[in-house]
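This briefing introduces a structure to a reader who has not met it before. It is best read with the sequence and the model side by side.

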Amino acid sequence: MKKWLLASALPLATAGAAYADDAKIGVILGFTGPIESLTPSMAGSAELALAEVNESGNFLENVTLVPVRADSTCIDSAAATAAAERLVTTDGIVAIMGADCSGVTGAVLSNVAVPNGVPMISPSATSPALSSVEDNGLFFRTAPSDARQGEVLAGILGERGISSVAVTYTNNDYGKGFADAFEAAFTAAGGEITLAAPHEDGKADYSAEVGALASAGGDALVVLGYSDQGGKGMIQASLDTGAFDLFAMGDGMYSDALLADLGSDIDGSFGSVPWAEGEGADKFAEVAEAAGVNAESTYTRESYDAAALIALAMAKGGESSSAAVAANILDVANAPGEPILPGELGKALEILKNGGDIDYVGATNVELIGPGEAAGTYRYYEIKDGAFETVSFK
Amino acid sequence: MDFLNAFVALANFVIVPALAYGSQLALGALGVTLIYAILRFSNFAHGDTMAWGTMCAVLATWGLQAAGVSLGPLPTALLAIPVGIAGAAVLVLATDRVVYRFYRAQKAKPVILVIVSMGIMFVYNGLTRFIIGPDDQNFADGERFLISARDFKVMTGLDEGLAIKTTQALTMVVALITVALLFWFLNRTRTGKSMRAYSDNEDLALLSGINPERVVTVTWLIVAALATIAGVLYGLDKSFKPFTYFQLLLPIFAAAIVGGIGNPLGAIAGGFVIAFSEVGITYAWKKVLGYMMPESLEPDGLVQLLSTDYKFAVSFVILVIVLLFRPTGLFKGQTI
């Protein structure tokens, strides 16, 4: 037993010595599973930010940031927890960039991050439930909560003077959370929801749902689903039966395929989608392109920002520890201070080194509100002549 | 007038969609029931046979469209159905030769064949996705509506519109023709009679000189035709997506069993029972009652028996009740 202990402790000790100057950052994303097509670009963007910090030479004395990838699978909480546990206990990571999907993010947070005091920043978990979760100040996200989008969408309907709507949502965490948030915001503003009916994705027939929604009535149908799944089926069936001809859509419905399939039938409909625009997004596209990362993919900007925030928080705290990250993220993300765009991390580190203040703007106009989540910018669009046209940004 | 409005609302949201959906289910259930009656197992690969046949038809449709062929107001896909049937026939006959024949020679138990068909299902699943991909494919063209809700309102002056899609009308017409042909074949032709004889008693059929391999081949051919026609009609009416076809398996089996598996008439009845129960029982009657009742009695609520969440539960409750009280289904099929 003694020998065994010694044998297993030895490599650990030497490993610790050899990498004393490395600060490991866990990159926990669903490299297999439903969003496996998105995660390589997301991880690439996050690692891009870490590389930029390392290259600047202005980071903490003798410390190099090393990304360590692990698979969250997006849907299997047990697998994600095990992967995160391994990173914390074996690799000794100080912070987590991830996880991606809302369900596994919650699992990793409560099972691994909180017990071990490791902070995590998710680039893409949008469930409103994560806002109120017990996190000991360790959970942040650069993706906005759907609660916020619910308010935005309710605001858009208010602007258009629509006060009575029927709602249909995809029957999962995303759809239900979104629908609840929308319902709360819309009724608080004096609107009336005639019926909120869930729909299952990939089903054969949606006549029953459309029939019930049509009986309930309303000036528009709010569709909180997926454009390549039941959401489109619901719109199609509503158009066919003449039940509704005006649709308000959530972010899952934003896709060019929807326009191609439904054509001019949905002209005049509108919706909201998280959007990054302006200097930060352009700058990020430039930086990413130079590094060979696909910047146009979903949640790449949020991933870059998440990793950059971890590094900047460490610099602000003056040490590469979990506590420094957790304590300083809000500080570096928000005003006051010098605004920092993607590609300017070196400059930011120098300012921090000299005791200055920064306001990380990043690729997505980062502004962390409430319990440390992005306020988010949404594009309010309207469909005109078979194309998405921006009305305004919210 | 109010009565007419009520009727039109009901027709638009319940009767027409359920009739079209029911026809699609009935065609699918017929295929399942034929395999059960003659080959004696529940074919779980049926949904994916539909997907495969439809995929062949979709590819052929695209070819025809590219060549500039069109049927005017009717969808071009109708012309492509024979290609789809041929594709599906090749696939199922090849499967039968390579897989099912082996188990038939061994006189394997039905439950083994069921599991084998699940394996086949996953293979078909992969094949279809490999060729056309997992995404939604739109292949409908031609006139979309026989009559649209808006036109109907203008024409009749009613408050409610009645929409009938070309594909819905087409579904019912084609289903009717197919079913008529099938029954004529089973009851009037020599091959059809030999199939029924084989289904009733395999050994007696063998003794009277019926070639079992021929019966099996013909059965697969008919099943390929039924599956492709059902799949193309469904795809025209909604859209083609392999995953949805896989999911169609559940209501199709429910339809076949409620009607009485092994009985073709039962499959048709079952298709409509399932479709009407899914759409009808969860319907909110507010609109219809609003027209029918005097103003003072108009309902405030939705007057919905069950939320639409329960629509699948409804069809399966019906299934359980039928099996409890009539284990052979509505029409006398075989007990499972």
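When two helices are compared by the angle between their axes, angles under 35 degrees count as roughly parallel, over 145 as roughly antiparallel, 65 to 115 as roughly perpendicular and the rest as oblique. The model described here is predicted, and the points below take up a helix pair in chain B, the annotated regions of chain B, the domains of chain A and the contact between the two chains.

**A helix pair in chain B**

- Helix α10 (residues 242–259) of chain B packs against helix α11 (residues 264–280) of chain B at an angle of about 120°, and their axes are 7 Å apart.
- α10(B) and α11(B) are therefore oblique to each other, and the crossing in which α10(B) passes α11(B) is right-handed.
- On the α10(B) side the contact includes B:Pro251, B:Ala254 and B:Val258, while the residues met in α11(B) include B:Gly266, B:Ile268 and B:Ile274.
- Sorted by class, this contact of α10(B) with α11(B) holds 10 nonpolar and 4 polar residues, and no charged residues.

**Annotated regions of chain B**

- An unreviewed UniProt entry gives the annotation "transmembrane region" to several stretches of chain B, among them residues 6–39 and 111–132.
- Over residues 6–39 of chain B, the chain is 97% helix and 0% strand, with the end C-alpha atoms 47 Å apart.
- Over residues 111–132 of chain B, the chain is 100% helix and 0% strand, with 32 Å between the end C-alpha atoms.

**Domains of chain A**

- The domain assignment divides chain A into domain 1 (22–145 + 278–374) and domain 2 (147–274 + 378–393), and the centres of these domains, taken over C-alpha atoms, are separated by 32 Å.
- Domain 1 of chain A and domain 2 of chain A each give 8 residues to the contact between them, and on the side of domain 1 these divide into 3 nonpolar, 5 polar and no charged residues.
- According to an unreviewed UniProt entry, the annotation "domain: Leucine-binding protein" covers residues 24–329 of chain A, a stretch in which the chain is 48% helix and 18% strand and the end C-alpha atoms are 17 Å apart.

**Where the chains meet**

- In the contact between the chains, 22 residues of chain A touch 33 residues of chain B.
- On the side of chain A that touches chain B, the elements giving two or more residues are β7 (192–199), α7 (207–216) and α8 (230–241) of chain A, and the largest share, 9 residues, comes from α7(A).
- By class, that side of chain A consists of 9 nonpolar, 7 polar and 6 charged residues.

Conventions:
Residues are numbered from 1 along each chain as its sequence is written. Chains are lettered from A and ligands numbered from 1 in the order in which they are written. This is a predicted model: local features need pLDDT of at least 70, side-chain atom pairs count only at pLDDT 80 or more; totals for chains, interfaces and linings use all residues. Domain bounds come from an automatic or database domain assignment. Two residues are in contact if their C-beta atoms, placed from the backbone, lie within 7 Å. Ala, Val, Leu, Ile, Met, Phe, Trp, Tyr, Cys and Pro count as nonpolar, Asp, Glu, Lys and Arg as charged, and the others, Gly among them, as polar. Axes are lines fitted to C-alpha atoms, for helices over the stretch in contact, and angles run from 0 to 180 degrees between N-to-C directions. Helices (H or I, at least four residues) and strands (E, at least two) are DSSP runs, numbered from the N terminus. A crossing is left-handed if the near helix is turned anticlockwise from the far one by less than a right angle, and right-handed if clockwise. UniProt positions are given in the numbering used here, feature names are shortened, and annotations may be inferred rather than shown by experiment.
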